[in-house]
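Here is a short tour of a protein–DNA model, written to be read with the structure open beside you. Feel free to rotate the view as you go.

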Protein chains: 4
Amino acid sequence: MSTKVESNKRIKEESIYDAAYNLFTTKGINNTAISDIVKSAGIGKGTFYLYFKNKYDVLDRIILRKSSEVLCQAIEKTKSKSFDKFEDQVLYFIDYIIEYFKEERLMLKLIHKNLSWGVLKKASSDYDEVHEIYKMFESGYANTSLSRDDIEKTLFLIIDLTGSILYSSIILREPDEIDKMKPILFDTISKII
Amino acid sequence: MSTKVESNKRIKEESIYDAAYNLFTTKGINNTAISDIVKSAGIGKGTFYLYFKNKYDVLDRIILRKSSEVLCQAIEKTKSKSFDKFEDQVLYFIDYIIEYFKEERLMLKLIHKNLSWGVLKKASSDYDEVHEIYKMFESGYANTSLSRDDIEKTLFLIIDLTGSILYSSIILREPDEIDKMKPILFDTISKII
Amino acid sequence: MSTKVESNKRIKEESIYDAAYNLFTTKGINNTAISDIVKSAGIGKGTFYLYFKNKYDVLDRIILRKSSEVLCQAIEKTKSKSFDKFEDQVLYFIDYIIEYFKEERLMLKLIHKNLSWGVLKKASSDYDEVHEIYKMFESGYANTSLSRDDIEKTLFLIIDLTGSILYSSIILREPDEIDKMKPILFDTISKII
Amino acid sequence: MSTKVESNKRIKEESIYDAAYNLFTTKGINNTAISDIVKSAGIGKGTFYLYFKNKYDVLDRIILRKSSEVLCQAIEKTKSKSFDKFEDQVLYFIDYIIEYFKEERLMLKLIHKNLSWGVLKKASSDYDEVHEIYKMFESGYANTSLSRDDIEKTLFLIIDLTGSILYSSIILREPDEIDKMKPILFDTISKII
DNA sequence: TATGAATGAGAATTCATTCAT
DNA sequence: GATGAATGAATTCTCATTCAT
């Protein structure tokens, strides 16, 4: 297959992702039909099925892409700074994620509470940087007796908790807005570490 | 309106709840049609719309009912015991919820990650016992300087975290099965308190 | 039957007429359900069927009532004035109708092009004043050789034409607005007479 | 798009028009379901919505087509003859329309009183022959001082009046059958001209 | 590869009508 | 007489999927 065809395929796929993302976030998943997606993507209906199995296939892959993107950005930024304590490093990392979603409410709504370390591990083949998150944690716990497993579980728990609180506070405004929840969330994470 | 008519209406509504719950948990929400629900409930199709706006209206109310039920049971059981420390009381409360959902995977799947203190507060008018949960926390923090708000946020955070971890571990088996996650979850909650 | 019951029935019937008229004119006939009407009328659903056969039964009777009302008002007003020529009298009569519907666009929309002498004749038992219209014409043609039948046909034709032009110009704004159509309509009626 | 596909689309659209026309005229519009139309047209239900928005969309377009057709036939026939006077020409034109609808009662019932010059003007892009009607009138009034606008209004008025009288006399038999109304209608039109 | 017209099963929803109270 | 809960047939409309071009 020629490179041109290859890149053309990539363009088509991207246009489906973009169109679907915009429709899912604005109209909701249940109210978005495949015909809406292809219309918005400017492709034929049949073409959709050459790239995706169905609507939920696109959705799953979008969530994976988007949440990976956020975490990768967060880890990259965190790595570029230096911190006195591991705790500060983790809080910076979490803060980045929080600030990101404060700007991207629609994306958060789509990801719902699926921002999870577990989801990302599956995608780790595509997004190598995801591993970096784990490495950060491993270094942080280097001098402790915690097992690899326990470290990973702690990481999982922190990300899950963050995702859950983000959704509640930013989307549902429960129990309070995100800026009011931040101190208690940070406090909790500090305690966990 | 006569009491007979009133009670008849209640029976109809209940039969819809039951039928919908069974279908949602076994076939999934997207695969359950309203015609399935009414067939299973043994009522006419139009009757459904007398009580609910649509499928998602039933779903929302079911989640509310079911999660309230679980938390109410948990608090009732907890209140019936005596504990040396507040921490033990909270862990018993949480443990009850965990054990409950270990048996009720389908319900957990339906509630997804919507087990939340915030969702329940809205229903508190219907389920007075929900208030008891808050009272338990208030007594536990009686001698501290924590404000009402902070207590409630902590409660919120613990329930949200529990719900999130429950779903991940029991439904997705990520990052590990629930019994392996329990110690770290309990440890975390202890630290939070 | 006691008078009180009688008047109560009349009130119910009137409330149905009013509710239906308002809904028909604002939402359209096809978009108005009987349940809308009874809700708006503040009566029970079953009650509707004690007074009317169905939606179109109400509609027919409303059109009859309303168009009779307009024509009766017009003839009454015309009779209260004196005119030099029969022609002036007829034009005044028609002008009254035109001015009336300029203010009552919604009613005109409902009556559509059913403003007709034929429709009214059927209702003449209920609205004696309708006969007055014919009498006016009969006097106007007193000294001519026109037969009763021809007079009635002319009357019919003038009212039909007026109704048709009113609807076109006021509702559809075709071929021009009503004030631009008036001169040519008056001119035509003068010629007819 | 290939010509074959294009022509196939045209066939589909035509089959919907035909099926809908037959059902509307025989069963009535309110008693005709879209499922009836597609069954009769021999197409899939979804196909209907590819071509029309809903039942009333078909109806509107049918009225336009059919009334255009009649007027076009009338003008064509009129043009093929020669007349001494403009008046005779117009009366021949109107007579053709009358005789047409005497044979086609069902179509008249469908068109109701919507036979109107205004309706046709909108469709004039599709049916160029409609312009011919106006031209006939323009020539007829060539030597008078009437403005373009006044000519068009007169034309409008005559067609509207004819349509209205046709419906009343043929469908409602009010105030008399069409053959009895013809003389007075012709007389009126002569006066108008 | 890409298309998009066609499909028809099936989903949601409405609503006139009944009838027990 | 009056009511309004219940009905379920009827209707509208959607939409994933196919397949000839």
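By class, the surface near DNA strand F counts eleven nonpolar, 15 polar and ten charged residues. "Near" here asks that a residue's C-beta atom, placed from the backbone, lie within 6 Å of the strand. The classes put Ala, Val, Leu, Ile, Met, Phe, Trp, Tyr, Cys and Pro under nonpolar, Asp, Glu, Lys and Arg under charged, and the others, Gly among them, under polar.

Two notes on reading what follows. This is a predicted model, in which local features need pLDDT of at least 70 and side-chain atom pairs count only at pLDDT 80 or more, while totals for chains, interfaces and linings use all residues. Residues are numbered from 1 along each chain as its sequence is written, and chains are lettered from A and ligands numbered from 1 in the order in which they are written.

**Around the DNA**

The two strands can be set side by side.

| DNA strand | Residues around it | Nearest residues |
|---|---|---|
| F | 36 residues | Gly44(B), Gly46(B), Gly44(C), Gly46(C), Gly46(D) |
| E | 37 residues | Gly44(A), Gly46(A), Gly46(B), Gly44(D), Gly46(D) |

For strand E, two or more residues come from each of α1 (3–27) and α3 of chain A, α2 (34–41) and α3 of chain B, α2 (34–41) and α3 of chain C, and α1 (3–27) and α3 of chain D. Helices are DSSP runs (H or I, at least four residues), numbered from the N terminus. The surface near strand E has twelve nonpolar, 15 polar and ten charged residues. Around strand F, the elements supplying at least two residues each include α2 (34–41) of chain A and α1 (3–27) of chain B.

**Chain A with chain B**

Where chains A and B meet, 24 residues of chain B are in contact with 24 residues of chain A; contact means that the C-beta atoms of two residues, placed from the backbone, lie within 7 Å. On the chain B side, α7 (117–123), α9 (148–172) and α10 (178–192) each give two or more residues. The most come from α9(B), with twelve residues. That side of chain B has ten nonpolar, six polar and eight charged residues.

How does chain B map onto chain A? A rotation of 179° with 0.0 Å of shift along its axis superposes them with an RMSD of 0.2 Å, which is the relation of a two-fold axis. The same surface serves both copies, as 100% of the contact residues of chain B recur in chain A. Superposition is by least squares on the C-alpha atoms of residues with pLDDT of at least 70 in both copies.

**Chain C with chain D**

Chain D is laid on chain C by a turn of 179° and a shift of 0.1 Å along the axis, with an RMSD of 0.3 Å. Here too the same surface serves both copies: 100% of the contact residues of chain D recur in chain C.

Helix α10(C) has Met181(C), Leu185(C), Thr188(C) and Ile189(C) as its buried residues, where buried means 20 or more other C-beta atoms within 10 Å of the residue's own, all placed from the backbone. These pack against α5 (86–103) and α9 (148–172) of chain C, together with α9 (148–171) and α10 (178–192) of chain D.

**Chains that stay apart**

No contact joins chain B and chain C, whose closest C-alpha atoms lie 13 Å apart. Chain A and chain D do not touch either, with their nearest C-alpha atoms 13 Å apart.

How values were computed:
Buried ≥ 20, exposed ≤ 12 C-beta atoms within 10 Å, placed from the backbone.
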